[in-house]
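Biologist: Let's go through this model together. Please show it first.

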Amino acid sequence: MKNWRRTLGNSVLVVGMSAVCVQAISETAPKMRIEHDLLGEKAVPASAYYGVQTARALENFQISGRQISDYPELIAGFAHTKMAAAKGNTDVGKMDREVRDAIIKAGEAIIAGNYHDQFPIDPYQGGAGTSTNMNVNEVMANVALELTGHQLGEYDIIEPHDHLNMSQSTNDSYPTALKVAIFQNNDKLVAEIENLIEAFRNKGDEFIDILKMGRTEMQDAVPMTLGQEFHAFAAALETEISFLRDAEKPLFSINMGATAIGSGLNAPKGYAEKTTRHLAKQTGKPITLADDLFAATWDQHAFVAESAALRSLAIKLSKISSDLILLSSGPRAGLGEINLPPMQPGSSIMPGKVNPVIAELMNLVSYRVIGNDVSVSLAARNGQLQLNAYEPLEAIAILDSQRLLGNAMQTLRERCVDGITVNENTLEAYIERTVGIVTALNPVIGYERATELAAEAYRTNKGILEIIREQDILTEEQVNEILDPAALTGLDKKKYRR
């Protein structure tokens, strides 16, 4: 007899098979439990901590090959949010203390990194994050049940909707959890920026007396020191920390208690304020309740500002990385002023070629972060009326950008900046032949005469000092006083003391 096997979700329908075959399949098939929702009953693996709505999301959203578990910071953000909500609900007399304590145990276990494999749904999902919220509700309910000696699925004791989602909607818990994830990531990101700044400062100190030519529009400008150049990289990144911290402030305003649209339907009096205070205490951040919960439920300003700060950081890192690539170009037919540490052979055909792969990597990451910012802008713009359904895309884009930038900065520091060396002979040759120092003659002989000398230097392929000496324009004492390249740098070492 022919056998027909058809998969229905996690269940298997077997038609026309012998009793022995059916028994063999039943013995090897995973044990299931039956849960139900608005759409009816559904089988869920008996050992799963997630439930029916997560199972449906697994079927509906198979898009990226990624999972919510790839974003442990978002899972932790949700755990913090659910714990704070449980405390707030208990404070106003809506939740029993035993249930609160069980939810707190579950949240603490999840924040510690346990059960993350129970968040398998794709982060690309419709529904404004409802699937993610329910995945969290189901897992935390079942973890709470297990940790208090009950069976998974005993929802008459602790229920995903009635307890984990008490006084909440996805529309306030999801953005709140995302904000917690983002500002906690920012602390790690700022630490990595500070490490990179320190690396540039160290190189700045090391190179502080090494003269070189500055350039504007890729043309010779006036002298500086290589140390000034590297300290400038550090100073530029310090401004990005300030921008990031300023952009972070809107993340501390949350809409917990807004429930579906901002009216606070089903949220008891005092719950929103108490939940906000608990979340602030748990995270150690100055979290406050938004003044207008209707606006806070659809307004994406906090995510737009954060993404813009990440974009700005990416632009700065890309500019610096491109400068490193340019300064190390050649090494014999380019600028060749510095050497980036060789990381790997650079060509499958050209022997001896080594490419600036780490600085290039930083550029690749920066371009992706800039693209992620465009995604956040589009998502924020296109929400309708009292809710923005596209917050999951903002979550993916911002959390990805934070991770990419943090990892790339660490790699740039360890595998590039820390190992940079200098070609001092090359820098000396550029200084010796430069025409740029003629700028210092403007106050002495006037701009027009200085221009004539510069033109002659280019025409005769001579250095400006050589021409000045040939034509006796300045005495040697004046040359040393006015045109000493070191004096022209304006170097003040006290400025760089740390």
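Modeller: pLDDT is the predictor's confidence in each residue, from 0 to 100. Contact means heavy atoms within 4.5 Å. This is a predicted model: local features need pLDDT of at least 70, side-chain atom pairs count only at pLDDT 80 or more, and totals for chains, interfaces and linings use all residues. Residues are numbered from 1 along each chain as its sequence is written, and side-chain values use heavy atoms, with hydrogens and water left out.

Biologist: Over which residues does pLDDT stay under 50?

Modeller: The chain averages a pLDDT of 93. Where pLDDT is low, the predicted coordinates should not be read in detail. The stretch under 50 has 22 contacts beyond four places in sequence, and covers residues 1-16.

Biologist: Lys42 and Glu59 meet in a salt bridge; how many residues apart in sequence are the parts tied together?

Modeller: A salt bridge puts a side-chain nitrogen of Lys or Arg within 4 Å of a carboxyl oxygen of Asp or Glu. Here the N to O distance is 2.7 Å. Lys42 lies in strand E4 (residues 40-45) and Glu59 in helix H2, so the parts tied together are apart in sequence by 17 residues. Helices (H or I, at least four residues) and strands (E, at least two) are DSSP runs, numbered from the N terminus.

Biologist: Is Lys42 buried or exposed?

Modeller: Buried means under 20% relative accessible area, exposed over 50%, partly exposed in between (1.4 Å probe, protein chains only). Its partner Glu59 is partly exposed, at 39%. Lys42 has 11% relative accessibility, so Lys42 counts as buried.
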